[in-house]
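Subject: Structure handover

Hello,

Here is the structure I said I would pass on. Please open it alongside this email, and my notes follow below.

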Amino acid sequence: MRILVTGGAGFIGSALVRRLIEHTDHEVLVFDKLTYAGVLSSLAPVADSDRYRFVQADICDAEAVAQALAEFQPQVVAHLAAESHVDRSIDGPGAFVQTNLVGTFVMLNQALGYWRGLSDADKAAFRFHHISTDEVFGSLGDEGFFTETTPYDPRSPYSASKAGSDHLVRAWGHTYGLPVLVTNCSNNYGPYHFPEKLIPLIIIRALNGEPLPVYGDGSNVRDWLFVDDHARALQAVFERGAPGETYNVGGNAERKNIEVVQAICAILDEVQPRGDGKPYAEQITYVTDRPGHDQRYAIDASRIRDDLGWTPSVTFEEGIGRTVRWYLENREWWGDILEARYATERLGVNG
Ligand code: NAD
């Protein structure tokens, strides 16, 4: 198949593209604006493949989208391009409305025009797969899980913009017949994760001997999914998912933020002990909470398990170990980012 991946230079997009090139025969066109979060070196492992192509363009640019669709003739659009960081959405929500809402609208409208020009057989085979988040469902107490029918209750500018884009996608399916798929996934982690997010931030700041900021009392709970498992889930959904369907994707790995930070510290104590022999956990500092910080997210992923046979394959313990080791072995990847783009400072407090 030919698969157009928007946001393919980002964290999850690049994991998907590496998987598709390395483990399938699919052809891939990455369509990415290369914002601060787009990192071409994340695609270096597949850049030489003749089944991989890249175009630098904005999903809000209708002409560029139309041209990419017309030239590449994809059977699948995997739409991952987005502004993705909650803290940045607090400081500057405008970019989130623009890219996540307007950009998704442009993608849908251009995909619809392209789809209408296909033969009946190609129309039936086409999929517009929108990659979204569990944050659209709001916040849970100690009990319960998000299912595909949980009512939407987004609370941050990021999750509100993703919720709106999910609604647009379903509307294009319902109203115009575009064969759409939506996946709502929990927190991803793994190699090539941009240093602004909790896990890479903690690893990098620990190694740099800096304080490890934990928001509030560290009791907020997230469900963590190893990014390669997410990429495998996305492939299962666009290859075999039922058009019009939504699938929740989760890792079955709920952890409090403080537990995540302590796990990273414990691994580093073992594989890269501090020069002074003291534990990395000494660097933990509790900082003012994120405004509107959701308490708990948890996913019921039984539909994708029952319908498509997907389950997470990497436990949190295994995945976090692999991730810490990857950051130790790939200092150049994140060193370049720290130098040129983002130096691990606190975000989300200037809203
Ligand atoms: P990311 O921030 O790492 O990457 C986003 C990519 O999109 C970057 O390569 C960036 O250059 C590109 N992009 C941004 N604006 C663009 C535009 N206007 N036009 C073209 N390209 C643009 O994000 P990620 O963590 O890889 O997330 C990918 C998708 O998955 C997002 O839609 C996000 O909402 C969703 N998601 C993420 C998580 C997570 O834990 N990271 C969980 C569930 C869902």
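The second largest cavity holds about 30 Å³. This is a predicted model, so please read every value as computed from it. The lining of this second largest cavity includes Ala 9, Gly 10 and Phe 11. Ala 37, Val 39 and Ser 42 are also among the lining residues. So are Tyr 192, His 193, Phe 194 and Trp 333. By class, that lining has seven nonpolar and three polar residues. It has no charged residues.

How many cavities of 30 Å³ or more does a search of the whole structure find? The search finds two. The largest cavity contains about 60 Å³ of space. Val 86, Glu 135, Arg 155 and Ser 156 are among the residues that line the largest cavity. Its lining also includes the run Arg 290, Pro 291, Gly 292, His 293 and Asp 294, as well as Tyr 297. Here the classes are three nonpolar, three polar and four charged. So charged residues are present in the lining of the largest cavity, whereas the second largest cavity has none in its lining.

There is a pocket to look at too. The second largest pocket has a volume of about 150 Å³. Its lining includes Phe 145, Gly 250, Gly 251 and Asn 252. Further along the chain, Ile 299, Asp 300, Ala 301, Ser 302 and Arg 305 line this pocket as well. Trp 310, Thr 311 and Pro 312 are also in the lining. The classes here are five nonpolar, five polar and two charged residues.

Now the ligand. Which residues come nearest to the ligand? Of the 28 residues around it, these are Ile 12, Asp 32, Ser 84, Tyr 158 and Lys 162. By class, the shell around the ligand has 13 nonpolar, 11 polar and four charged residues. Four elements each supply at least two residues of that shell: α1 (11-23), β5 (127-133), α6 (157-176) and β7 (187-189). β5 gives the most, with three residues.

Three side chains are worth checking for their distances to ligand atoms. An N or O atom in the side chain of Lys 162 is 2.6 Å from an oxygen atom of the ligand. For Asp 58, a side-chain N or O atom lies 2.9 Å from a ligand nitrogen. For Thr 99, a side-chain N or O atom is 3.3 Å from a ligand nitrogen. Taken alone, the ligand exposes 840 Å², and the protein buries 97% of that.

Next, the aromatic rings. The count comes to 17 aromatic pairs. One of them joins Tyr 189 and Trp 224, and this pair is edge-to-face. The ring centres are 6.1 Å apart, with 80° between the planes. The pair links distant parts of the chain, since Tyr 189 sits in strand β7 and Trp 224 in strand β9 (residues 221-226). These two residues are 35 residues apart. Strand β7 also appears above, as a supplier of the ligand shell.

Last, a look at Glu 317. Where is Glu 317 placed? It is in helix α11 (residues 316-329). The side chain of Glu 317 makes a polar contact with the side chain of Arg 255, at 2.7 Å. Glu 317 and Ile 304 are 13 residues apart along the chain, and their C-alpha atoms are separated by 23 Å.

Best wishes

Definitions and conventions: Residues are numbered from 1 along each chain as its sequence is written. This is a predicted model: local features need pLDDT of at least 70, side-chain atom pairs count only at pLDDT 80 or more; totals for chains, interfaces and linings use all residues. Side-chain values use heavy atoms; hydrogens and water are left out. On a 1 Å grid over the protein atoms alone, a cavity is a set of points where a 1.4 Å probe fits but cannot get out, and a pocket is an open set with protein on both sides within 12 Å along at least five of seven lines; lining residues have an atom within 4 Å of a point. Grid points are joined across faces, edges and corners, and a volume is the space filled by probe spheres set on the points. Ala, Val, Leu, Ile, Met, Phe, Trp, Tyr, Cys and Pro count as nonpolar, Asp, Glu, Lys and Arg as charged, and the others, Gly among them, as polar. A residue is near a molecule or strand if one of its heavy atoms lies within 4 Å of it. A polar contact is a pair of N or O atoms within 3.5 Å; within protein, one must be able to donate a hydrogen and the other to accept it, and residues adjacent in sequence count only if both atoms are side-chain atoms. Accessible areas come from the Shrake-Rupley method with a 1.4 Å probe; for residues, only the protein chains shown count as cover. Rings of Phe, Tyr and Trp (its six-membered ring) pair if their centres lie within 6.5 Å; planes under 30 degrees apart count as stacked, over 60 as edge-to-face and the rest as tilted.
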